[in-house]
Amino acid sequence: SGFRDWTKAEFDHNVPLDLEDGLAFSPQSRTSRWKPGLHSVYSNANYGLAGLVLERVSGQSYETLVQQRLFAPLGMHSATSLQERTRNLATGYDRDGETRIPYWHMIQRPAAAINARSREMAALVSMLLNDGHYKQQMVLSPAEIARMESPRTSLAARNGMHFGYGLGMYAQYRNGFLFMGHGGDGDGYLSRFGYCRQLGIGYFVTFNSASQRTLGAFRRAIEKELTRGHVPPARAPDADLSTDQLQAFTGRYAPAAWRFEWQSDANRSRRSLLVSMSADGRLYTKKQHGKPEELLAVSARTFRREGDGAATSGFFRDEARLYFQGKDNWVKVKEGLDETRGNP
């Protein structure tokens, strides 16, 4: 859509609102900052709009629709995005694990806000892992699950790269295995679910504190243990690119799109990516203050990292500009020029 994420005012608005009022508040986040379909950038605002579309098409509230179509078939009887309907809710804490944080009423609940028991979340992961089926009942069709896992609209996706963010699903390789999943980040609470269809297993982990470092460590430990002793699937074969082909990608890249409005100044002045080629013809990327990371060619434009099973990034042109897209979005810039010139 070209939307960035919520404004600071939207994040800070800790008052329950219905969806119409939530979307009427601080509408700056629903402004296209780049050409729609060019980049993949996470935006809670898009989920608020999707929820409004569901309400208008179905004639039901978002909460009622999700309860009937998703929670009930999965036996998620305690699940709700309305705090007043929640019983025995764990207290949320700051990253120190001691400072209590009041319940956060998200301004547009379709973006997140689900309160549920861990066992009930396991049912959701099981359904996703099993192509939409749970206890012999089809909750979502295999085609719908496949669409959720497939990026379609970014420049990379439209150029044939299948790795990235689909409809609510992130992709990531761990020890050569492909995990799909999503995380939840709320004041006082953090969570993550993931599943690997190649291994036939998934997980859900949650903390009632805001320590991202702790969540990341648990997630890596879980995925490492799940893959232990298993031989990963065969990876995509490497492509043999000429020196001239690789040389065309080298240069300095600046951020082309970013998630939060308040990141703008920092992104322009402090972040860059250097793409270079070694004497033996290998391509590397290096962020400021980071270590060089090798890019292994999968095709003439797509690349993977060591340990990835398929292409996870690539170089693609849109009009006269060259972009490097993967986890982030970068645009090649000429030395000495304003790196934001030409961006909407």
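Start by selecting residues 251-257, which make up strand E9, and then add residues 273-277, strand E10: the two run antiparallel and are joined by three bridges. Strands, like helices, are DSSP runs numbered from the N terminus, with at least two residues (E) for a strand and at least four (H or I) for a helix. Two strands count as paired if DSSP finds at least two bridges between them. Show Tyr253 and you'll find Leu273 of E10 standing opposite.

Before moving on, a word about what's on screen: this is a predicted model, where local features need pLDDT of at least 70, side-chain atom pairs count only at pLDDT 80 or more, and totals for chains, interfaces and linings use all residues. Residues are numbered from 1 along each chain as its sequence is written, and side-chain values use heavy atoms, with hydrogens and water left out.

**The barrel**

Now zoom out to the eight strands E9-E10-E11-E12-E13-E14-E15-E16, which form a closed barrel with antiparallel pairing. Neighbouring strands here are turned by 35° against each other on average, direction ignored. For such angles, axes are lines fitted to C-alpha atoms (for helices, over the stretch in contact), and the angles run from 0 to 180 degrees between N-to-C directions.

Next, pick residues 321-325, strand E15. Four of its five residues are buried, so the strand is largely enclosed by the rest of the structure. Buried means under 20% relative accessible area, exposed means over 50%, and partly exposed is in between (1.4 Å probe, protein chains only).

On one side, add E14 (residues 313-318), which pairs with E15 in the antiparallel sense over five bridges. Asp318 stands opposite Arg321 of E15. The two strands form a hairpin with two residues between them, and Glu319 in the turn has a positive phi of about 55°.

Then add E16 (residues 329-333), which pairs antiparallel with E15 over three bridges. Tyr323 has Val331 in E16 as its bridge partner, and the hairpin joining E15 to E16 goes through three residues.

**A stop at Thr302**

Click on Thr302, in strand E13 (residues 302-304). Buried or exposed? Thr302 counts as buried because its relative accessibility is 9%. Its side chain makes a polar contact with the side chain of Ser299 (2.6 Å). A polar contact is a pair of N or O atoms within 3.5 Å; within protein, one must be able to donate a hydrogen and the other to accept it, and residues adjacent in sequence count only if both atoms are side-chain atoms.

**The open sheet**

Over to another sheet: E5-E6-E7-E8, four strands in that order, open and antiparallel. Its edge strands are E5 (170-174) and E8 (201-207), each pairing on one side only. Five bridges join E5 to E6 (residues 177-186), and Ala171 has Met180 in E6 as its bridge partner. Now bring in helix H8 (residues 212-227), which packs on the sheet, touching E5, E6, E7 and E8, with its direction at about 160° to that of E8. Helix H5 (residues 118-129) lies across E7 (189-196) and E8, running at about 145° to E8.

**Last stop: the core**

Finish with the largest nonpolar core, which has 24 residues; Leu124 and Met169 are among those touching the most other members. Such a core is a set of buried Ala, Val, Leu, Ile, Met, Phe, Trp, Tyr and Cys residues joined through side-chain atoms within 4.5 Å. Which helix gives the most to this core? That's H5, with seven residues.

Methods
Contact = heavy atoms within 4.5 Å.
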